[in-house]
Amino acid sequence: AIASGLQGLNQLQKIHMDFQRTKVGDASANAIADALQGLNKLQQITLGFGGTRVGDDGANAIASGLQGLNQLQKIHMDFQRTKVGDASANAIADALQALKQLQQITLNFERTKAGDATANAIADA
């Protein structure tokens, strides 16, 4: 319901969504990712998925949803205590590389399945 509410808000510049310690999972992350794709004017985004059921499928969807957000300047994403692993965290790092206007990035992968490969990919971004 929240994700569908974002559709048509094409002038939106800031989003802050915190789902920490809820039952939100991959399906919700997919819906949010789909909604992000039409928000070309976004400059700042905060997504808190810490302690949720979001895993690789949801994180991959978020990475895809970031594509085309060329005005994005600040991003904060929290995936702590989720099932996100290296492959999807790397997809997020790849998506961030394409966002040339970014000035501030905060990513939290504490207590996930992400490891050294993720740290290296993010450092390269």
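Which residues is Ser-88 in contact with, leaving aside its neighbours within four places in sequence? Select Ser-88 and have a look: the partners are Asp-56, Ala-59 and Asn-60. Keep in mind as you click around that this is a predicted model.

**Stop 1: Ser-88 and its helix**

Ser-88 sits in helix α4, which covers residues 86–97. Its relative accessibility is 0%, so Ser-88 counts as buried.

Now add helix α3, residues 56–66, to the selection. The axes of α3 and α4 are 8 Å apart, and the two helices pack at an angle of about 10 degrees. Angles under 35 degrees count as roughly parallel, and α3 is therefore roughly parallel to α4. To show the contact as sticks, pick Asp-56, Ala-59, Asn-60, Ala-63 and Leu-66 on the α3 side. On the α4 side, pick Ala-87, Ser-88, Ala-91, Ile-92, Ala-95 and Leu-96. Colour the contact of α3 with α4 by class and you get eight nonpolar, two polar and one charged residues.

**Stop 2: Ile-62**

Stay in helix α3 and select Ile-62. This residue has a relative accessible area of 0%, so Ile-62 is buried. Draw a C-alpha to C-alpha distance from Ile-62 to Ile-92 and you should read 7.5 Å, although the two are 30 residues apart in sequence. Next, show what Ile-62 touches, not counting residues up to four places away in sequence: Ala-29, Ile-32, Ala-33, Leu-47, Phe-49 and Met-77.

**Stop 3: across to α2**

Bring up helix α2, residues 26–36. Here α2 and α3 pack at about 5 degrees, with their axes 8 Å apart. That angle makes α2 roughly parallel to α3. From α2, the contact uses Asp-26, Ala-29, Asn-30, Ile-32, Ala-33 and Leu-36. From α3, select Asp-56, Asp-57, Gly-58, Ala-61, Ile-62 and Gly-65. By class, the contact of α2 with α3 divides into six nonpolar, three polar and three charged residues.

**Stop 4: the core**

How many residues does the largest nonpolar core have? It has 35, and those with the most contacts inside it are Ile-32, Leu-47, Phe-49, Leu-66, Leu-72 and Phe-79. The elements giving two or more residues to this core are α1 (2–6), β1 (14–18), α2, β2 (44–48), α3, β3 (74–78) and α4. In soluble globular proteins, nonpolar side chains tend to be buried together.

Zoom in on Leu-72 for one member of that list. Leaving aside neighbours within four places in sequence, Leu-72 is in contact with Leu-42, Gln-43, Gln-44, Ile-45, Leu-66, Leu-99, Gln-101 and Leu-102.

**Stop 5: the sheet**

Switch to cartoon and follow the four strands of the open sheet, in the order β1-β2-β3-β4, with parallel pairing. At the edges are β1 and β4 (104–108), each pairing on one side only. Neighbouring strands here are turned by 5 degrees against each other on average, direction ignored. Five bridges join β1 to β2; for a specific pair, select Ile-15 and its bridge partner in β2, Ile-45.

**Stop 6: two arginines in loops**

Finish with the backbone torsions. Arg-21, in the loop between β1 and α2, has a positive phi of about 55 degrees although it is not a glycine. With a relative accessible area of 71%, Arg-21 is exposed. Then jump to Arg-81, in the loop between β3 and α4. Arg-81 is not a glycine either, and has a positive phi of about 60 degrees. At 48% relative accessibility, Arg-81 counts as partly exposed.

Notes
Residues are numbered from 1 along each chain as its sequence is written. This is a predicted model: local features need pLDDT of at least 70, side-chain atom pairs count only at pLDDT 80 or more; totals for chains, interfaces and linings use all residues. Side-chain values use heavy atoms; hydrogens and water are left out. Buried means under 20% relative accessible area, exposed over 50%, partly exposed in between (1.4 Å probe, protein chains only). Contact means heavy atoms within 4.5 Å. Axes are lines fitted to C-alpha atoms, for helices over the stretch in contact, and angles run from 0 to 180 degrees between N-to-C directions. Angles under 35 degrees count as roughly parallel, over 145 as roughly antiparallel, 65 to 115 as roughly perpendicular and the rest as oblique. Ala, Val, Leu, Ile, Met, Phe, Trp, Tyr, Cys and Pro count as nonpolar, Asp, Glu, Lys and Arg as charged, and the others, Gly among them, as polar. A nonpolar core is a set of buried Ala, Val, Leu, Ile, Met, Phe, Trp, Tyr and Cys residues joined through side-chain atoms within 4.5 Å. Two strands pair if DSSP finds at least two bridges between them.
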